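Biologist: I'd like to learn how to read a fold like a modeller does. Can we go through one together?
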Amino acid sequence: MSPIIGIALFTLTVSAMEGFAYVMHRWVMHGRLGWLLHASHHQPRSGRFELNDLYGVIFAIPSIVLIYGGVQGNWGAGATWIGAGIAAYGAIYFGFHDVIVHRRIAHRIVPRSNYFKRIVQAHRIHHAVETREGTVSFGFIYAPPVERLKAALAASGHAGVRAPKGGSIGLRG
């Protein structure tokens, strides 16, 4: 396989992972069974890890299998590029979600670009709901405009909505 095709496959995989992450977050993690692990992520953490962290392990398995199969199992270079794309999305997600938004690793990064601010705000709005129903914004590399998310959250009238630590999310204005 040519490097150009491999890089294109890698890039396509990273992009497609956002759609996969949206579906998994919206209908599996916030579904009946998936909520068993994901609920820990919508509650205050009382230690270094939470049950939700197991999703990172679960979602790493296809990447590991594809890279191994591509390198050692004669599955072809395509499997390796796809596995690497899944791993890259996982690294991007970890950087944005766990490091930047949830500050699970201490840092001094301050979101300054409009895009970066929107991603962080969208995820904070997602966490304004402590239950599996009534929340908004399930993707992570892409987030709808914050005003649209606030309007959707306010319109839901869901009882699980709370103001995040540090103040209001401005649902009325």
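Modeller: Sure, let's begin with the elements: helices (H or I, at least four residues) and strands (E, at least two) are DSSP runs, numbered from the N terminus. Histidine 126, for example, lies in helix α5. Some ground rules too: this is a predicted model, where local features need pLDDT of at least 70, side-chain atom pairs count only at pLDDT 80 or more, and totals for chains, interfaces and linings use all residues. Residues are numbered from 1 along each chain as its sequence is written, and side-chain values use heavy atoms, with hydrogens and water left out.

Biologist: How many helices and strands does the protein chain have?

Modeller: Six helices and zero strands, so to speak an α-α-α-α-α-α pattern along the sequence. The C-alpha atoms fill a box of roughly 55 × 35 × 30 Å, taken along the principal axes.

Biologist: Is histidine 126 buried or exposed?

Modeller: Buried means under 20% relative accessible area, exposed over 50%, and partly exposed in between, using a 1.4 Å probe and protein chains only. Histidine 126 counts as buried because its relative accessibility is 0%. Of the 173 residues in the protein chain, 37% count as buried.

Biologist: Which residues is histidine 126 in contact with, leaving aside neighbours within four places in sequence?

Modeller: Contact means heavy atoms within 4.5 Å. With those neighbours left aside, histidine 126 contacts His25, His30, His38, His42, Thr135, Val136, Ser137 and Phe138. Look at valine 136 from its own side, with the same kind of exclusion, and you get Ile125, His126, Leu149, Ala152 and Leu153.

Biologist: How do I read the faces of a helix?

Modeller: An α-helix has 3.6 residues a turn, so residues three or four places apart point the same way. Take α6 (residues 146-156): its buried residues are Val146, Leu149 and Leu153. Seen down the axis, they fall within an arc of 60°, so they line one face of α6; the arc is that of the directions from the helix axis to the C-beta atoms. On the other side of α6, Glu147, Arg148 and Ala155 are exposed. Just after α6, glycine 157 takes a positive phi of about 55°.

Biologist: What do the buried residues of α6 pack against?

Modeller: They pack against α5 (114-126). Two packed helices are described by the angle between their axes and the distance between the axes. Axes are lines fitted to C-alpha atoms, for helices over the stretch in contact, and angles run from 0 to 180 degrees between N-to-C directions. Here α5 and α6 pack at about 10°, with axes 10 Å apart. That makes α5 and α6 roughly parallel, the term for angles under 35 degrees (over 145 is roughly antiparallel, 65 to 115 roughly perpendicular, the rest oblique). Arg118, Gln121, Ala122 and Ile125 in α5 meet Val146, Leu149, Lys150 and Leu153 in α6.

Biologist: And which residues have the most contacts inside the largest nonpolar core?

Modeller: A nonpolar core is a set of buried Ala, Val, Leu, Ile, Met, Phe, Trp, Tyr and Cys residues joined through side-chain atoms within 4.5 Å. The largest one has 23 residues, and Tyr89, Ile100, Ile125, Val136, Phe140, Leu149 and Leu153 have the most contacts inside it. The elements giving two or more residues to this core are α1 (3-29), α4, α5 and α6. α4 gives the most, with seven residues.
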